[in-house]
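Biologist: I should like a close look at a single part of this model. Please describe the surroundings of one loop residue and of the helices on either side, and then the cores.

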Amino acid sequence: MRTHLAFSAFFAIYFLPFVNYKIYFLIMVLIGTIIPDIDLMHSYVGNRWYFRPIQWFVKHRGIIHSITFALVITIALAMYLPVLAFGFFLGYIGHLIGDAITIEGIRPFWPSKSESLGRMRVGGIGEKALFYVLVLIDMLMVVRFFIK
C-alpha cells in the first residue's frame, strides 16, 4: 500500500502545478490509488464488508487491476464530474504501475490475456528499496515545488 502511495505521490507532485483545483486533485489521486484493491479482502479498502460482493465476482489483479477499467471509470468521471477525472486516473495508474512491476503482475488491457510481469516480490527487499527511493524523490520534488 505504501509503495502505491509513493508512486501516486510522484505523479501528483509532478502534475500539481498544472491543475486548477489542487485539493480535489490530491483527494482523487488518493482515492484512485486505493480503489484497485477493493478486489482483495485483506487490503486496506477491500476489508470493508460492503466490498465483499465485488470480491465474489472478480479475482484479485483481474479486471479491476487494468487500464481498461481505469479508463472506463475515468471517462464516466470526465462526463459527469470532470474536475475529478485526471487525479483519479493518475492515482489509479500509479497503483497499476506498482503492481505491474511485481512477480504477480497485472493484465493491463483486460480482457486481453497479455500480462505485465515484473521481478519484484511484494513485501521484499526490492519493494522496500523502491519505496524509500520514491519517498526521497517525492520529498525532493516537494522541496523544489516550494522553492520555485
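Modeller: The account below begins with one loop residue and proceeds to the helix pair and the nonpolar cores. The model is a predicted one, and the description should be read accordingly.

The residue chosen is Val-19, which is found in the loop that links α1 (2–15) to α2 (22–34). Its relative accessibility is 12%, and Val-19 is therefore classed as buried, the cut-off being under 20%. Leaving aside residues up to four places away in sequence, Val-19 is in contact with Phe-25 and Phe-86. A further relation across the chain involves Gly-87: this residue is 68 residues from Val-19 along the chain, yet the two C-alpha atoms are separated by 9.2 Å.

The two helices joined by this loop also pack against one another. The axes of α1 and α2 lie 10 Å apart and form an angle of about 150°. Since angles over 145 degrees count as roughly antiparallel, α1 is therefore described as roughly antiparallel to α2. The crossing of this pair, α1 and α2, is right-handed. On the α1 side, the contact is made by His-4, Leu-5, Ser-8, Ala-12 and Phe-15, which meet Phe-25, Leu-26, Val-29, Leu-30 and Thr-33 of α2. By class, the residues of this contact between α1 and α2 comprise 7 nonpolar and 3 polar, with no charged.

Leu-5, one of the α1 residues in that contact, also has a spatial relation to Val-135. These two residues are 130 residues apart in sequence, with a C-alpha to C-alpha separation of 9.4 Å. Val-135 belongs to helix α6 (residues 125–147). The relative accessible area of Val-135 is 26%, so this residue is partly exposed.

The cores remain to be described. The largest nonpolar core has 15 residues, of which Met-28, Ile-38, Leu-77, Phe-88, Tyr-92 and Leu-96 touch the most other members. Two or more residues of this core come from each of α4 (67–80) and α5 (82–100). The greatest contribution to this core is that of α5, with 7 residues. Met-28 is in contact with Leu-77, Leu-84, Gly-87 and Phe-88, again not counting residues up to four places away in sequence. A second core, separate from the largest, has 7 residues, among them Leu-16, Val-19, Phe-25 and Val-29. Val-19 thus appears in this second core together with Phe-25, a residue that Val-19 touches. In soluble globular proteins, nonpolar side chains tend to be buried together.

Conventions
Residues are numbered from 1 along each chain as its sequence is written. This is a predicted model: local features need pLDDT of at least 70, side-chain atom pairs count only at pLDDT 80 or more; totals for chains, interfaces and linings use all residues. Side-chain values use heavy atoms; hydrogens and water are left out. Helices (H or I, at least four residues) and strands (E, at least two) are DSSP runs, numbered from the N terminus. Buried means under 20% relative accessible area, exposed over 50%, partly exposed in between (1.4 Å probe, protein chains only). Contact means heavy atoms within 4.5 Å. A nonpolar core is a set of buried Ala, Val, Leu, Ile, Met, Phe, Trp, Tyr and Cys residues joined through side-chain atoms within 4.5 Å. Axes are lines fitted to C-alpha atoms, for helices over the stretch in contact, and angles run from 0 to 180 degrees between N-to-C directions. Angles under 35 degrees count as roughly parallel, over 145 as roughly antiparallel, 65 to 115 as roughly perpendicular and the rest as oblique. A crossing is left-handed if the near helix is turned anticlockwise from the far one by less than a right angle, and right-handed if clockwise. Ala, Val, Leu, Ile, Met, Phe, Trp, Tyr, Cys and Pro count as nonpolar, Asp, Glu, Lys and Arg as charged, and the others, Gly among them, as polar.
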